[in-house]
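Student: Could we go through this model together, one question at a time? I would like each answer to show its reasoning.

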Amino acid sequence: MILQLQGIAKQFGGLSALTNVSFDVSQGQILGLIGPNGAGKTTLFNVISGVFRPTTGRVYFKGDDVTGLPPYRLARMGIARTHQIVQPLNELTVLRNVMVGACFGRENLGLAAAEKVADEILEFVGLAPRARQLANSLNVAQKKRLEMARALASRPFLLLLDEVLAGLNPSEIGDMVSMVKEIRNRGVTIVMIEHVMRAVMNVSDRVIVLDYGEMIAEGTPDAISKNDKVIEAYLGDPKLAEELAD
Amino acid sequence: MNRVKNRGLWLTVGLTLAVGLWPPLTGDANNREIVVTILMYAALASSLNLMLGYTGYVNFGHIVFWGLGAYVGFYLMSALNMPLVVAVLGGGAASGLIAMLLGQAILRLRGAYFALATIGINEAARAFVSNFEPFGGPTGMSLNFKVYNAYGGAMQSLWIVYWAMLLLAIAAIVLSYAIKSSKFGLGLTAIRENEDAAEVMGVFTPTTKAWAYVLSAIIPGMAGVLFFFKNGNIEPVDAFRLHTSIEIIVMVMLGGQGTLLGPILGAGIYERLRGLLLVSPLFKNIQLVVAGIILLLIVLFIPAGVVGWLRRRILPLREWVE
């Protein structure tokens, strides 16, 4: 088990964003995390990556209790993430952005080694031609790739992808999905939040569904798409329910 | 790439040396006094740049390190009869230590809240020193004139201060360059651009910021000792002027925050401008108004400062100007 969550709850004042969320992720898996808007998916990522401390419950990473550790310690241990709302370091070049990931991530590289890693990763995500551009000159799809590149440059054991497909056109989605599979084939465990149902069902080994901060279902993509509770949760959005049934 | 980067360092050091060697070559006392002030502000602006330009934290309390370092150094000289070298090093160390302690408290704040806290620190430091008897309370301390005899008399002392100030300015530039081209510097710029993202990417933000704050405090502490050694006496009102802090910010912004040459250039331009304004009958009482207007214009129209603006407009300059 690379990641274990036990009874995670997170409250903001009187609002319960997460209630009693428990699941395991085993090495080399792709776990899809789905649910309607406001279900607590990103909050859960914030708990796993150390941005928020859970109100109750424990997080174990590779068997160690890491609950409440700050994000930079978890990054050093091998957890990397992308952001739903892209967070580029605007006034730095694309290359320097990725070097930050390589320098301060799990491998804690020096500048020269980090530049080499960054070059490789930029090649892999297809941003190599833009390496010398400032990050704020990229378009949305490129910024998503940059998020991915930064996370990968830290050579993580666990990669948390927060809606990397949102806002991309179908051909960009195809590219990104094959990239995600390729990353998994290199041995990185992936948890991905996604709204693009077909893609997440296609790529995930296992899917977890959150609704109002609670886990309402867990299983293979096939089982999930036939689960009554899940269909009910998505009923507010008939189009999505239809997609699920596909 | 490295060779190109080095050019930026050599140009900045070369320019500072060119200006700095001019008074000794001419032997002119008037020039020396003009240039020593420019050099001091160059050192102050360059060290402030570590916080303001590299890390993105607006510090209105930079002068506190200058003042407190000066007080500690002055105390070492006047009460304990220590030599100037020890006083300068002691002043720098004291400022660094104070920054480390203050940083624990205020570096948790961000943006405008951090800036406000630094203003508070400026006022608190003045109030503290004004009531601290070992430092002479509100009347401050004076150096016995005999102290200067150990350095070959008052005249010779002025030259010693001059050379030391030149050394400090160059030290500030070299330190800025070393940080800029290091992994630590990359961490600082990541914090400047997006502190939350930097944290998630593994930058140990609390320690990284604390070191930037400490490193930015040491050189002002040393410069303060030199300045007040030359002055002969020190008082709270002279040591903790909020508007001097603001003027240093203007210098950094004018020259170009986050660049190597910018703060040096900004200090030179601003100091010369102030020199001219102070002797003009029209402006001599309102020279701070001019500083305010300059700051306003920079923030509105060229937030990158002179160096940043030039780098953007004239691409070949990028190889030379850092």
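Tutor: Gladly! One definition to start: angles under 35 degrees count as roughly parallel, and those over 145 as roughly antiparallel. Please keep in mind that this is a predicted model.

Student: With that in hand, how do α11(B) and α14(B) lie to each other?
Tutor: Helix α11 (residues 242-255) and helix α14 (residues 305-313) of chain B have axes that cross at roughly 10° and come within 3 Å. Angles under 35 degrees count as roughly parallel. The two helices, α11(B) and α14(B), are therefore roughly parallel.

Student: Which residues make that contact, and how do they divide by class?
Tutor: From α11(B) come Met253(B), Leu254(B) and Gly255(B), and from α14(B) come Gly305(B), Val306(B) and Val307(B). By class, the contact of α11(B) with α14(B) has 4 nonpolar, 2 polar and no charged residues.

Student: Let's look at another helix pair. At what angle do α4(B) and α9(B) pack?
Tutor: Two packed helices are described by the angle between their axes and the distance between the axes. For α4 (residues 84-106) and α9 (residues 205-231) of chain B, the axes are 7 Å apart, and α4(B) passes α9(B) in a right-handed crossing. Their contact comprises 18 nonpolar, 7 polar and 1 charged residues. The packing angle is about 145°.

Student: Now to chain A. What is the strand order in the open sheet of 4 strands?
Tutor: Start from the pairings: β1 (residues 3-12) joins β2(A) through 7 bridges, and β1(A) joins β4(A) through 5 bridges. Next, β4(A) pairs with β5(A) over 2 bridges. The edge strands, each pairing on one side only, are β2 (15-25) and β5 (64-65) of chain A. The pairing is antiparallel, and the order is β2-β1-β4-β5.

Student: Which residues are bridge partners in β1(A) and β2(A)?
Tutor: Among them, Gln4(A) has Asp24(A) as its partner in β2(A). Towards the hairpin, which has 2 residues between β1(A) and β2(A), there is another such pair: Phe12(A) and Leu15(A).

Student: Which residues take a positive phi in the two hairpins of this sheet?
Tutor: In the hairpin of β1(A) and β2(A), Gly13(A) in the turn has a positive phi of about 60°. The hairpin of β4(A) and β5(A) also has 2 residues between its strands, and there Phe61(A) has Asp64(A) as its bridge partner. In that second hairpin the residue with a positive phi, near 50°, is Lys62(A).

Student: What about the sheet of 6 strands in chain A: which strands stand at its edges?
Tutor: This open sheet has mixed pairing, in the order β6-β7-β8-β3-β9-β10. Neighbouring strands are turned by 20° against each other on average, direction ignored. Each edge strand has a single partner, so one side of it is left without a neighbour in the sheet; the edges are β6 and β10 (214-219) of chain A.

Student: In what sense do β3(A) and β8(A) pair?
Tutor: β3 (residues 30-34) and β8 (residues 189-193) of chain A are joined over 4 bridges. One of the paired positions is Gly32(A), whose partner in β8(A) is Met192(A). The sense of pairing is parallel.

Student: Where does α1(A) sit, and how many of its residues are buried?
Tutor: Helix α1 (residues 41-48) packs on the sheet of 4 strands, touching β1, β2 and β4 (56-61) of chain A. On the sheet of 6 strands, α1(A) touches β3, β6, β7 (158-162), β8 and β9 (206-211) of chain A. The buried residues include Leu44(A), Phe45(A) and Val47(A). The helix is mostly covered, with the buried count at 7 of 8.

Student: Is Glu91(A) buried or partly exposed, and why?
Tutor: Glu91(A) lies in the loop between β6 (79-81) and α3 (94-104) of chain A. Leaving aside neighbours within four places in sequence, Glu91(A) is in contact with Leu134(A) and Glu193(B). A residue counts as buried with 20 or more other C-beta atoms within 10 Å, and as exposed with 12 or fewer. Glu91(A) has 15, so this residue is partly exposed.

Student: Which helix gives the most to the side of chain B that touches chain A?
Tutor: The contact takes 16 residues from chain B and 23 residues from chain A. On the chain B side, α7 (183-193) and α8 (195-200) each supply at least two residues. By class, that side has 7 nonpolar, 5 polar and 4 charged residues. The helix giving the most, with 6 residues, is α7(B).

Technical notes:
Residues are numbered from 1 along each chain as its sequence is written. Chains are lettered from A and ligands numbered from 1 in the order in which they are written. This is a predicted model: local features need pLDDT of at least 70, side-chain atom pairs count only at pLDDT 80 or more; totals for chains, interfaces and linings use all residues. Two strands pair if DSSP finds at least two bridges between them. Two residues are in contact if their C-beta atoms, placed from the backbone, lie within 7 Å. Axes are lines fitted to C-alpha atoms, for helices over the stretch in contact, and angles run from 0 to 180 degrees between N-to-C directions. A crossing is left-handed if the near helix is turned anticlockwise from the far one by less than a right angle, and right-handed if clockwise. Ala, Val, Leu, Ile, Met, Phe, Trp, Tyr, Cys and Pro count as nonpolar, Asp, Glu, Lys and Arg as charged, and the others, Gly among them, as polar. Angles under 35 degrees count as roughly parallel, over 145 as roughly antiparallel, 65 to 115 as roughly perpendicular and the rest as oblique.
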